[in-house]
There are 2 protein chains.
Amino acid sequence: MKAGAVKPPAKPCPRRDWTRLIIGAPRVPPPLRLLGRRATVIRIRMHAKGPPMTRVPTSKDVAKAAGVSQPTVSRALAGHPQVSAATRERVRKAALELGYVPQESGRVLRSRRTRRIAVVCGPDDLLSPFRPQLVVPLHQALAAAGYRTTLIAESGDAAVLSQVTDGSVDGVLVTAARAGSAVPGQLAAHGVPHVLVDRLVPEAGHPTCAADNRQGAAEIATLVAGLGHREVALVLGPRRLRTSLDREAGFRSVLAAGRAVRTRVLRGGVDHAAGVAAARSLLGAAHRPTAILCANDTIALGVLHEARLRGVDVPGELTVTGFDDIPMAGWEPYALTTVRHDTGRMAAEAVRLLLSQLGPDVDGAAPESVVLRADLVLRQTHAPPPSPS
Amino acid sequence: MKAGAVKPPAKPCPRRDWTRLIIGAPRVPPPLRLLGRRATVIRIRMHAKGPPMTRVPTSKDVAKAAGVSQPTVSRALAGHPQVSAATRERVRKAALELGYVPQESGRVLRSRRTRRIAVVCGPDDLLSPFRPQLVVPLHQALAAAGYRTTLIAESGDAAVLSQVTDGSVDGVLVTAARAGSAVPGQLAAHGVPHVLVDRLVPEAGHPTCAADNRQGAAEIATLVAGLGHREVALVLGPRRLRTSLDREAGFRSVLAAGRAVRTRVLRGGVDHAAGVAAARSLLGAAHRPTAILCANDTIALGVLHEARLRGVDVPGELTVTGFDDIPMAGWEPYALTTVRHDTGRMAAEAVRLLLSQLGPDVDGAAPESVVLRADLVLRQTHAPPPSPS
DNA sequence: TTGTAAGCGTTATCAA
DNA sequence: TTGATAACGCTTACAA
C-alpha cells in the first residue's frame, strides 16, 4: 500500500486501541445492545371513543337521512348517470354529514372485484438496495390504475398461495427470484391472473416482464472488450440465482467470441464482502486482470473499495463494472459504470400486462411477455487497460 | 492531497477523457437510455382457462360434495370443536378435492374483521436505506400475528383516508414522517385503530412506538465529548424533519451543557451529497472541527468519503458519527460509529400496541406508547482528538 | 328517475 | 353434533 492511501480500518493503531479501552468495545462484532434494552412505557389518553358505541354508518343510514332508498345512495355516490342532480346532491350531503364511506367488504362480495393486487417478494428482498427500486414503481403504477397493493413476503409456497386464492386480490405480481418456487405454477392452476416481474426466461406459459440481463451483460462486456481489455475477471453470484446465471451468459457470449480475452471467474456471494474478497484474491495475484465485471453493483462497490485501498487506480489501472445501478452507484465517490434497468418502465409494463388479464373475457386474447433492454450507464470506472496487449 | 490517495473521480485525466471520447459519454449526468428503449414483445401461450368456465368453488359446493349442510363446512374447516371427527374429515377431503379456499370477502363481510393492517409510508420512503429496515420487520410481525399488510404510500391525505376508513383494514401503522400530515388526526376522528411508528413525540392522544432520537443523539454526543473533543460540528437535515430536530436537540443537550465545546452547525439535505458538501466546507476551513456528528448515516458516509479523499485520517484526526445504522454503515470500508434503533423490537412493539386495540372491547384499557432506547454502535470512526485542547 | 327484490359467500344463532 | 335460517353491506336487474 502506498503512503497516504486510505487507511484500512481493520489495521490497528495505538490510538484506536486506546479508544477501545475507554469504550470497552470489541472490534468485531460491534457491541450492539451496549446500553441495554430498557423500554420506557408511557400511558396516554387515547382518542375518545364515544361511550354510546357509534356504529359505522352504512348506505342504509345515508338513505334514511337523505330520504331515498338504499340503492339510490349507491347509484348516486357511484356517479351513475341516471340519478337526478337534486337527488345526487342530497345524498352526497347526507353522506358527508354522516361521514359515510362505502364499505369495501360489501362492494367486493357483490362485485367480485377487489381492486387489489398482491406483490410477492422474497422475505428480505426489500432490504436489498435494488428491489425497492422495482417494488416502489410497481406500487405507484398500481395506485395510478386504482389498485391497492398487498405485500406478501414469500415464506413457504402454501402461505402465499392461500393468500392469493381466497379472492382477496384480483391478481398477483411475482417479483421473488427464488428459482424452485411452485407459486407461479399454482397461480396458473388456480386461474389467478399473474405476471412474473424481473425474471428473464418466460417460464412456460407465464406472462413475464423482465429486463434482459443477458443483453445488458453482453453490452457491458462489449464495451470492456472494445476498450482493449484482454485480461478480464468475472465476479458472479451463486449458481442458483437465475439473474447471476443470465448475466454470466451475457458476459461470456461476448468474451468467448473469438477475441483473445482471457477470462477468470470467481463465484461467491452477492454482497459487498464478496466483492472485497474477490478483489483481494484477484489483485493479490501475480497476474492481475485489467477489468473486473461484477454480477451486481454491491459486489462492484466492494471490488472498488478494495482496489482503492491497495492504491490501484480505477479506471487508470483497472476497470470495474457493476449491474443494477443502485443509488450508491451514482454517488460521487463511486461513479460506477454499470447497467441500468428502467424499473419504472418495467413496473408500468408489468401492471399493464396484469390488468389486461382482468378484463371481462380475455380468454381469446393472447397474453404477452415483455423483455426490456438494459442500458449502459457510463460513469467513471471504465477505461482502456494501462498497456493494451 | 497526498500522492497515492484515492483519486477523486471528478478530477479529469487524459486517459479518462479519451474514454469519454470513445463512448461519447458526458460526465454528468450519466447517459442513461443510451441504447434506446426498444421493447421486445413475445407472445406466449397462457395457462389454459377451461372453456367450460369453471366457477370458483364455494362452501356450498363442498357441502354438496361432502353430503353435509353448508354451515357445517364452515365449522369443520374453521376447526370448530363441536364437529365430529368423521364429518370433519369428510369435509376436509371434499374441500381438498374441489380446491376450495374460503373466500375472504364473505368472511370479512360477516365477521367484520379483515385481518389486514395498512402500513402507511411516504411516497419514496422505501427507496431510502433506512425505512425498509422498519417496514420489513413490521410486515413480518404482522404476518406472524396472522395479519396481512396493505402498503399505502402517502400521496394526499384524502387518498390515504379513504383507503383506511372503508373497512378494508383492521388498523393502521403510520410510519410516514411528514410533519403536517392530517392522517393521524383523521384516523382518530374515524375511530380507526392506529399506531404511529418511529415518531418520538406522542402526538396528542396517538399511541406511538418510536426510538428515542434525542437520547441516542445525547449518547453519542456524550461519547464524543468524553473522548475530549472540543471542536465539534453538527451536520443536520432540514428543520421540517422532526427526526433531525430531535437529534439536534440531543446533540445540543450534551454539547451545550457547560463543557467548553465549540459547536458549529451545518444544515442541508439528508443525502450523501449533503455530507460531501458539508465536509468540504468544514475541512476546507482554517479551523477544522475534530469531530463531525451527522443526522444520519448517509450524510456521515458522505463526510467520511470527503475526509478520506483529502487524506484526513479517520478516526486519527477526525471523528465522524452517523445515525440509523444502515447496512452500509457496517461495511468494512466504512465501519461507521453510529446509533442503532432496534427496528425489530420497534416493529414488534408497534404491532403489539396496534393489535391490543383490536380486542372485543378495549375502551377501558389505557392505550400505551412505547419509547425505545437507541444504542450506540461503536465501530472505527471515533477516537480522541489529535491534540486535546 | 327511483324503489323493490335478490343475491354475492361467509359466520352466528337457534332449534332439532 | 348438525341443519335451517338470518344477516353482514353492497350492486344489479327489474318493476314502477
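## Contacts with DNA strand C

In this predicted model, a polar atom in the side chain of Ser74(B) comes to 2.3 Å from a phosphate oxygen of DNA strand C. Another contact with a phosphate oxygen of DNA strand C is made through the backbone, where an N or O atom of Ser84(A) lies 2.9 Å away. The bases are reached as well, for a polar side-chain atom of Gln70(B) is found 3.3 Å from a base oxygen of DNA strand C.

Taken as a whole, the surroundings of DNA strand C comprise 25 residues, and the closest of them are Thr72(A), Thr87(A), Arg112(A), Ser74(B) and Tyr100(B). Sugar or phosphate supplies 54% of the atoms of DNA strand C that are within 4 Å of the protein, while the rest belong to bases. Both protein chains take part in this surface, since α3 and α5 of chain A and α3 and α5 of chain B each provide at least two residues. Sorted by class, the residues near DNA strand C are eight nonpolar, eleven polar and six charged.

## Contacts with DNA strand D

Which residues are the closest to DNA strand D? They are Ser74(A), Tyr100(A), Thr72(B), Thr87(B) and Arg112(B), out of 25 residues that surround this strand. Of the atoms of DNA strand D that come within 4 Å of the protein, 56% are accounted for by sugar and phosphate.

Several contacts of chain A involve phosphate oxygens of DNA strand D. An N or O atom in the side chain of Ser74(A) is 2.4 Å from one phosphate oxygen, and for the side chain of Tyr100(A) the corresponding distance to a phosphate oxygen is 2.6 Å. Gln103(A) contributes through its backbone, with a polar atom 2.8 Å from a phosphate oxygen of the strand. The elements that give two or more residues to this surface are α3 (70-77) and α5 (104-111) of chain A, together with α3 (70-77) and α5 (104-111) of chain B. By class, the residues near DNA strand D are eight nonpolar, eleven polar and six charged.

## Salt bridges

Over all chains, a search of the whole structure finds 38 salt bridges. One of them links Asp125(A) with Arg131(A), whose closest N and O atoms are 2.8 Å apart, and both of these residues are buried. Another joins Arg379(A) to Asp325(A), with 3.0 Å between the closest N and O atoms. Because Arg379(A) lies in the segment after β13 (375-377) of chain A and Asp325(A) in the loop between β10 (319-321) and β11 (338-340) of chain A, this pair ties together parts that are 54 residues apart in sequence. Arg379(A) counts as buried because its relative accessibility is 13%, and Asp325(A) counts as buried because its relative accessibility is 10%.

A further salt bridge is found within a helix, between the side chains of Glu349(A) and Arg345(A), at 3.5 Å from N to O. Both residues belong to helix α13 (residues 343-355) of chain A, where they are four residues apart, about one turn of the helix. Are these two partners buried or exposed? Glu349(A) is buried, with a relative accessible area of 13%, whereas Arg345(A), at 24% relative accessibility, counts as partly exposed. Salt bridges that share partners also form one network, which joins Arg280(A), Glu306(A) and Arg310(A) with Glu332(B).

## Charges and aromatic rings

In chain A, the charged end of Arg115(A) sits over the ring of Tyr147(A), at 4.7 Å from the centre of that ring. In chain B, the charged end of Arg115(B) sits over the ring of Tyr147(B), and here the distance from the ring centre is 4.6 Å. How many aromatic pairs does a search of the whole structure find? Over all chains, the search finds zero.

## A buried position in a strand

Val120(A) is part of strand β2 (residues 116-121) of chain A. With a relative accessibility of 1%, Val120(A) counts as buried. Although Val120(A) and Val160(A) are 40 residues apart in sequence, their C-alpha atoms are 8.0 Å apart in space.

Technical notes: Residues numbered from 1 in each chain as written. Chains lettered and ligands numbered in written order. Predicted model: local features only at pLDDT ≥ 70, side-chain atom pairs only at ≥ 80, totals over all residues. Heavy atoms only, no water. Phe/Tyr/Trp six-rings, centres within 6.5 Å; stacked < 30°, edge-to-face > 60°. Lys NZ or Arg CZ within 6 Å of the ring centre and 35° of its normal. Salt bridge = Lys/Arg side-chain N within 4 Å of Asp/Glu carboxyl O. Buried < 20%, exposed > 50% of the residue type's maximum accessible area, 1.4 Å probe, protein only. Near = heavy atom within 4 Å. Polar contact = N/O pair within 3.5 Å; in protein donor to acceptor, adjacent residues only side chain to side chain. Nonpolar A, V, L, I, M, F, W, Y, C, P; charged D, E, K, R; others polar.
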